[in-house]
Each structure stands twice: as structure tokens, then as C-alpha cells.
Amino acid sequence: MQDREHLQLLAIFPYGVAGLAALFSLFPLLYTTVGAIFIFAARHGTAKPGEELPPEFVGWIFAVIGSVLFLIGLAMTICILIAGRSLALCKRYSFALVMACIECLFIPFGTILGVFTIVALSRESVKALFLTGKVPG
């Protein structure tokens, strides 16, 4: 019974961590914006006498890196949400365990959640819950 309560609690907290991950995944869009400004300036800008405009490829580098980092952050957010749902339904044990390990990289809240999730998922009684597929409650 105590394992079911722990899993129910652990299934709630990933939503908060996912919200923070979603918020921080928006920051790379600043690089994308800077890249777009560089691209626009290289194509349509006029340089002051004695100065040169930045080359267009620099803007593309910024835009691509910013977009890729944003997409990685978005994918991590979705995976954290799926892991929380997996804990609630007692399904996808391996996925939940791997995501708990990855969440440990998100200091401090993800680390706390990841460690508690790893500890809970390491118990034999919790493994049995996942094997039988019984939903806690």
C-alpha cells in the first residue's frame, strides 16, 4: 500500500518539473532570434563606412543551434510528462527509470525528483506492481 502512495506522489511532481523544463526550453529561441536578425542584416542592411556586416552564415549558425536546442528541450518536456504518466499507470518501467536518471541532470528540482523516483523504482515490490500492471489506487 505504501508503494502505491509513493508512486501516486511521484506521478504528480513530474508535471512541475516538465513545466520548468518547458520554460527553460524557450531560452534558446533567443539565439534563433539573434540569428534571424543577423540573416536579415546581412541580406538587407547597409554597413557604415569602414565597417562590415556579419556574414549570413553566422546568422544561420545561431538560428539552427537555437532551434535544435529548443526542440531538444521540448522533447525532454514531453518525455518527462510521459514518465510521470507511466508512474501513475504502472507501465513502462524501463522508460520511467531512464527518465528518472536523466531528470537528475536538472538541478535542483529534477535531481530531487530523479533520486526519489530511482529509490522508489528500485524496490522489488514496486517492480512487481509494474510487472502485474495494476494501477495504484
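Visitor: By class, how many nonpolar, polar and charged residues does the lining of the largest pocket have?
Guide: This is a predicted model, and what follows is computed from it. The largest pocket holds about 300 Å³ of space, and 14 residues line it. Sorted by class, that lining has 11 nonpolar residues, three polar ones and no charged ones.

Visitor: Which element supplies the largest share of the lining of the largest pocket?
Guide: The residues nearest the centre of this pocket are L20, A21, F24, S25 and F106. Two or more lining residues come from each of α1, α3 and α5. With five residues, the largest share of the lining belongs to α1.

Visitor: Is S25 buried or exposed?
Guide: S25 is found in helix α1, which covers residues 2-25, and this serine is among the residues nearest the centre of the largest pocket. Leaving aside residues up to four places away in sequence, S25 touches F70, G73 and L74. Its relative accessible area is 5%, and since the cut-off for burial is under 20%, S25 counts as buried.

Visitor: Which element gives the most residues to the largest nonpolar core?
Guide: In soluble globular proteins, nonpolar side chains tend to be buried together. The largest nonpolar core here has 20 residues, and those with the most contacts inside it are L7, I80, L87, L121 and F130. The elements that each give two or more residues to this core are α1, α3, α4, α5 and α6, the last of these spanning residues 124-132. The greatest contribution, six residues, is that of α1.

Visitor: Which element provides the largest share of the lining of the largest cavity?
Guide: The count of cavities of 30 Å³ or more comes to one, and the largest cavity has a volume of about 40 Å³. Its lining is made up of P14, A83, G84, L87, A96, M99, A100, E103, L113 and T117, and at least two of these residues come from each of α3 (56-89), α4 (93-103) and α5 (109-122). The largest share, four residues, is provided by α4.

Visitor: How many residues of the lining of the largest cavity are charged?
Guide: L87, one of the residues lining this cavity, is also among the residues with the most contacts inside the largest nonpolar core. The lining as a whole divides into seven nonpolar residues and two polar ones, and the number of charged residues is one.

Visitor: With which residue does E56 form a salt bridge?
Guide: A search of the whole structure finds two salt bridges. E56, at 27% relative accessibility, counts as partly exposed. E56 lies in helix α3 and its partner in helix α2 (residues 29-44), so the pair ties together parts that are 13 residues apart in sequence. The closest N and O atoms are 2.7 Å apart, and the partner of E56 is R43.

Visitor: How far apart are the closest N and O atoms in the salt bridge between K127 and E124?
Guide: K127 and E124 both lie in helix α6, where three residues, about one turn of the helix, separate them. K127 is partly exposed at a relative accessible area of 30%, whereas E124, at 58%, is exposed. The bridge itself is defined by a cut-off of within 4 Å, and the closest N and O atoms of this pair are apart by 3.5 Å.

Visitor: What is the distance in space, C-alpha to C-alpha, between S67 and Y93?
Guide: S67 lies in helix α3 and is partly exposed, its relative accessible area being 29%. S67 and Y93 are 26 residues apart in sequence, and their C-alpha to C-alpha distance in space is 31 Å.

Visitor: What is the relative accessibility of C90?
Guide: C90 and R92 can be taken together here. Both C90 and R92 are found in the loop between α3 and α4. C90 has a phi near 55°, a positive value in a residue other than glycine, and R92 likewise has a phi near 55°. R92 is partly exposed with a relative accessible area of 45%, whereas C90 counts as buried, with a relative accessibility of 1%.

Visitor: Near what value is omega for the peptide bond from I107 to P108?
Guide: P108 is found in the loop between α4 and α5. The peptide bond that leads from I107 into P108 is cis, and its omega is near -5°.

Methods:
Residues numbered from 1 in each chain as written. Predicted model: local features only at pLDDT ≥ 70, side-chain atom pairs only at ≥ 80, totals over all residues. Heavy atoms only, no water. 1 Å grid on protein atoms, 1.4 Å probe; cavity = no way out; pocket = protein on both sides within 12 Å on 5 of 7 lines; lining within 4 Å. Points joined across faces, edges and corners; volume = space filled by probe spheres on them. Nonpolar A, V, L, I, M, F, W, Y, C, P; charged D, E, K, R; others polar. Buried < 20%, exposed > 50% of the residue type's maximum accessible area, 1.4 Å probe, protein only. Contact = heavy atoms within 4.5 Å. Core = buried A, V, L, I, M, F, W, Y, C linked by side-chain atoms within 4.5 Å. Salt bridge = Lys/Arg side-chain N within 4 Å of Asp/Glu carboxyl O.
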